Each structure stands twice: as structure tokens, then as C-alpha cells.
Amino acid sequence: MSPAELNTANDTGGLLEHLFRHQSGRVVAHLARVLGPSRLDLAEESMQEAMLRALQVWPYQGVPDNAAGWLFRVAHNAAIDAIRRGRFLEQNTGALVAELTRATANGSGDDPDFERQLRDDELRMIFMSCHPAIARDSRVALSLKTVGGFSVREIARAFLADDAAIAQRLVRAKRQIRERELTLDMPHGADLEQRLDSALETIYFIFNEGYSAHEGEDLIRQDLCFEALRLGRLLAGSSIATPRVQALVAVMALQAARLPARIDEAGDLILLEDQDRARWDQGLIAMGFHYFDVSMRGDQVSEYHAQAAIAATHARAESLTTVDWPVILELYDQLLAISGASPIVALNRAVAVAKVHGPAEGLAAIAELSGNPQLRDYYLLLAVRGHLLLELERREEAAACLRAALECRCCEPERRFLRRKLAQCAAAPSSRGSVPGLAGRAPH
Amino acid sequence: MPQYMLALYDDPSRWPKLSPEEMQKSIEKYMAWGKRPYVVQGKRLAGDNGRVLKGANGKPRATDGPYSETKEVLGGIYLIEAKDYDEAVERTLDHPHLDHGTIELRQLYS
């Protein structure tokens, strides 16, 4: 059998996709709850030991029947060994060992109560990782490392940062956990609301990082999107879920559905309007609509609701010509009213204005934004402006705009897009292309 | 059909650098190779140094296994079938272990 044939055989040895990553998050969360958050390192080391054991043994002897349970058990045994070796001098060693031993007996079976307990542990870990006492960058890194099972190098690659910077953020986060004596207790009342907001913000940040276009479209960035979706669904499936949690999951699912259609074979960006809708992931769209429906129960309207409604309007349109732009414009107005004047949202709104009222109105909407310091040197603002000018046949101004956009910080696929657009300025009139800005970059 | 033993040597110090995802991918590659029809079986060695037994003046003695001076240690073995060394080499050349480690190939006497 040739290597090619082997690859197409798609034999994964019966392991679930991302089993190690997800099980790592689960086991670390569970161990951290039992051992206490100040011993997060021991929890991580114990899981690491279990995975290393699997790495050594499974290739030769095969994957055990219950691979997840095996990892759980071996990690617990590693923790018990470490405690017995006297890694820390406390009186409660016996109680810890007893609890870990009890968990080991449960963790391999399919006891639904214990399943619930494990999900609850993950939830607590997300909430602690997103504690406002921890800086946002550190929150993101900590969530991905502990609950997400990402390595330092993977986080660094996804955020285009270097390993040392990410490692530093994790060290800082763990120090804050110790110094502020953060616990894995679930917050209550107003604290819960605040923490939930922080968790949602962190999750949406992870999603957007993964979603924004970057050089090479590294797969790890898509993994970020799906991890954010997984974390969101974990929250949405818990007893503390509120309609805005469901709405956030809906936004992420509906936007993630477009990922397969967003890049062509040459690695060029395909704008939302030019995407082959047949390549949108129908499963994710169905998931998105499901969560969107659930999010409408209750009278809460959050910015995630407005975002979800916009994404749903796009997903509902069967083709570009049936996109309901007036509705989208109305939703952007609502979004601006809820989330305050986020300039990126305002820019996206301007695109909708152009669609509904024509390019001249769109330009007027953009003019209000051009003084905003947050959008200075933002290539997309100039790109949208250039596009609208081109639609108005103001070719020289359009070309000047697009050239200015090329001077801004943007990635290579975006640059190629701008050059194509620039070429249109010189070409024959009336090649009505699409409006950038809705390139699938989620407004912040 | 003659059988060949593959002895896989590896440098364990590189393992902890792998992420959970990379570990899983690595395991999956080995598993896929191990499912080929000519692979008879695989066995992982335990992580100790073993024992060395020697007869000295008619009094056999066991000592702890030799400490390996090299970074690479014997990790496990596979048995495969092949008609000759050429075929055995060809069947082993794309083993994922060769991305980082060494394989020693020996024919079993039949």
C-alpha cells in the first residue's frame, strides 16, 4: 500500500477528532477542582503524563476500548502518585487521594451524573480563566491552554505571537490566580452576570481572532473558531445560560458555516457576496438557527442577538440578489444602539446603507467615520470607500483610495484583493463587483 | 513468508514538546501503519532499562540493564512479513517513526 492510499484510508485508529485536546481540557479542569486552582500546574502535568504514556504505548499495542476513560484514569493515577511522593506538605493528602481514587472509579464509565460533574468542572474552569482580575490577553491564553487543550506553541501560532510572549501571559495568569486566591466556585448574582459577560467576550474574541483573514489561512486559526464554538455551546448547555449565550453561539455557528467558502484554491479571499453558497456548511447553519430560535425566548436583546440576526439574514438568502439589505441595515442600527458606537460596526452599517440607498449615501455614512482615530490606517475603511467611489465612476479618487489602502497593514490575500480592485479602476466601466467590509470579518 | 523485526529507537526528550493535538496525530499515523496487512504484531517495551544476565564462571548473574549513553532508546518492536530485505525495507521506509527516530531491521531465522 502506498502512503497516498494509506492517507485516503482515513484510518485514525478509532480516535475521535481532537480527543486529546478536549479530554485534556476536561481532565485538567476536573483535577484543578479537586486539587485546587493553585495547583493548576500539577493538574496539567498529570494530564501530560497520561498523554505521553498513550503516545508511547498505543502505537504498538493499539488504542484501548475507552480511550477517553483511559486518559482520565492514568492522569488521576499520576496525580495520586505526585501527592503521595509528597509534592506538597499538607494535612489533606489523604482526603485528596481518596477523592481522586473515587473519581478514577467513576471516570471510566458512562455515569450520566459524573458526566454532568465533568461538564460543570469545565464550566468552572472557563469562569475562573475569564475572571476580570486576569488581564484579557492572559484570559484568552489561559482558556485556550486549560479548557481548550492548546499548547503554548499552538496559541502563539494562532495569534501570530512568539512562544515566550504566550508563556509569559500564562505565568502571569497563574500568578494572579494564586495572589488573588481565585477559586473555581461558581459566582452568584451580579458577579455571575459580570463573569458571564467576561466569558462571552473572551469566547467571541477567540472566535474573531480565528475568523479574521490571515496569511496562509493556517488551520490552527479555524481550530480557534471551533474551539470558541465548543466553549460557547458548553455555556449554552448549562443551567446558567441566558438568551445572550444562545445568541452568541448562533452568531459563531452561522459565521463559521461560511469558512469553507471563504478562500479559493489560490488562497485568495472570497467576499461574502461572491461566495459559493453551496459550500456553506449546512449543519452549522442549522445549528445557528436552532440557537437563534432559543435565544429569542425571553425579552433580552444583546449585541449578540443583533449580530446573530444579521448573520441569519445572510444565511437565509438563497442567493446574493435575495439578501434582505433593508433588514440588515435596520439590524445594524439596532446593533449600534446596543453596543455603542463601535466604528467597525458603523463601517459595516455604511456598506448596508450603500446597498439600500445607493453608493452616494454609503459614502456619506463613511465620511462621518473617517475622522475616527480607531479607523485611521484601517485598510477596510479605505477599501470600502474606494469601492463606492468606483461604483460612482469617480475612478481617480477610487484609485487613490485603494492605493492608500495598500499602504495600510493588511495580509497578502487582502493585498491581492485590493490590487484586483485597483485594476478595475483602470479597466472598462460598469464592472459592478461586491462591496468589501462584509468579507466575513465579524464586526467587533 | 519470512518475518522481519523492526526495532524502533526514539529520543524521549522530544515528546513533552508535543501538544495534545500533535500527540494524537502522531499516534494516529503509527496506528494507520500498524493496520497494514503485512504487520504481524507490535509490542511496546516498558520504560525501564531491563536486566542483563551473564554467565560468569558458571554462576549466572543479573545486573541492571545498560544505561544508554545515546539519546535514542529502544522503544518498541514490530514484526512484519516480507519476501526479502528489499521488500522489508520498502515496507518500512514510510513508517512515521522515521520522521524523527531510527528503525533497525532484522530478519528472523525461519
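In the predicted model, helix α2 of chain B, which spans residues 85-92, lies across the strands β1, β5 and β6 of chain B and runs at about 155° to β6(B). The sheet beneath this description is an open one, in which 4 strands of chain B follow the order β2-β5-β1-β6 with antiparallel pairing. Its edge strands are β2 (39-44) and β6 (102-107) of chain B, each of which pairs on one side only, and the twist from one strand to the next averages 20°. In general, the strands of a sheet pair through backbone hydrogen bonds, in either a parallel or an antiparallel manner. Within chain B, strand β1 (residues 3-10) and strand β5 (residues 73-81) pair in the antiparallel sense over 8 bridges, and B:D10 is found opposite B:V73 in β5(B). Chain A also takes part in the packing on this sheet, since its helix α3 (residues 40-61) touches β1, β2 and β5 of chain B, with a direction that makes about 155° with that of β2(B).

Chain A itself contains 20 helices and 0 strands. Of its 444 residues, 56% count as buried, and among its contacts with a separation of 6 or more, 69% are made by residues 24 or more positions apart. One example of positions distant along the chain is given by A:R157 and A:R221, which are 64 residues apart in sequence, while their C-alpha atoms are separated by 8.5 Å. A:R157 belongs to helix α8 (residues 152-158) of chain A and, with a relative accessible area of 40%, is partly exposed.

Over all chains, the structure holds 29 salt bridges. One of these joins the side chains of A:K174 and A:E44, at 2.7 Å from N to O; the pair links helix α9 (residues 163-179) with helix α3 of chain A, across 130 residues. A:K174 counts as buried because its relative accessible area, 15%, is under 20%, and A:E44 is likewise buried, at 11%.

In chain B, B:K29 forms a salt bridge with B:D99, the closest N and O atoms being 3.7 Å apart, and this pair connects helix α1 (residues 20-34) with the loop between α2 and β6, 70 residues apart. Here B:K29 is partly exposed, at 46% relative accessibility, whereas B:D99 is exposed, at 57%. A further salt bridge, of 3.8 Å from N to O, brings together B:K83 and B:E87, of which B:K83 is exposed, at 55%, and B:E87 buried, at 16%. Finally, a network of salt bridges links A:R21, A:E154, A:D223, B:E21 and B:K25.

Notes:
Residues numbered from 1 in each chain as written. Chains lettered and ligands numbered in written order. Predicted model: local features only at pLDDT ≥ 70, side-chain atom pairs only at ≥ 80, totals over all residues. Heavy atoms only, no water. Pairing = 2+ DSSP bridges. Helix = DSSP H or I, 4+ residues; strand = E, 2+ residues; numbered from the N terminus. Axes fitted to C-alpha atoms, helices over the stretch in contact; angles between N-to-C directions. Contact = heavy atoms within 4.5 Å. Buried < 20%, exposed > 50% of the residue type's maximum accessible area, 1.4 Å probe, protein only. Salt bridge = Lys/Arg side-chain N within 4 Å of Asp/Glu carboxyl O.
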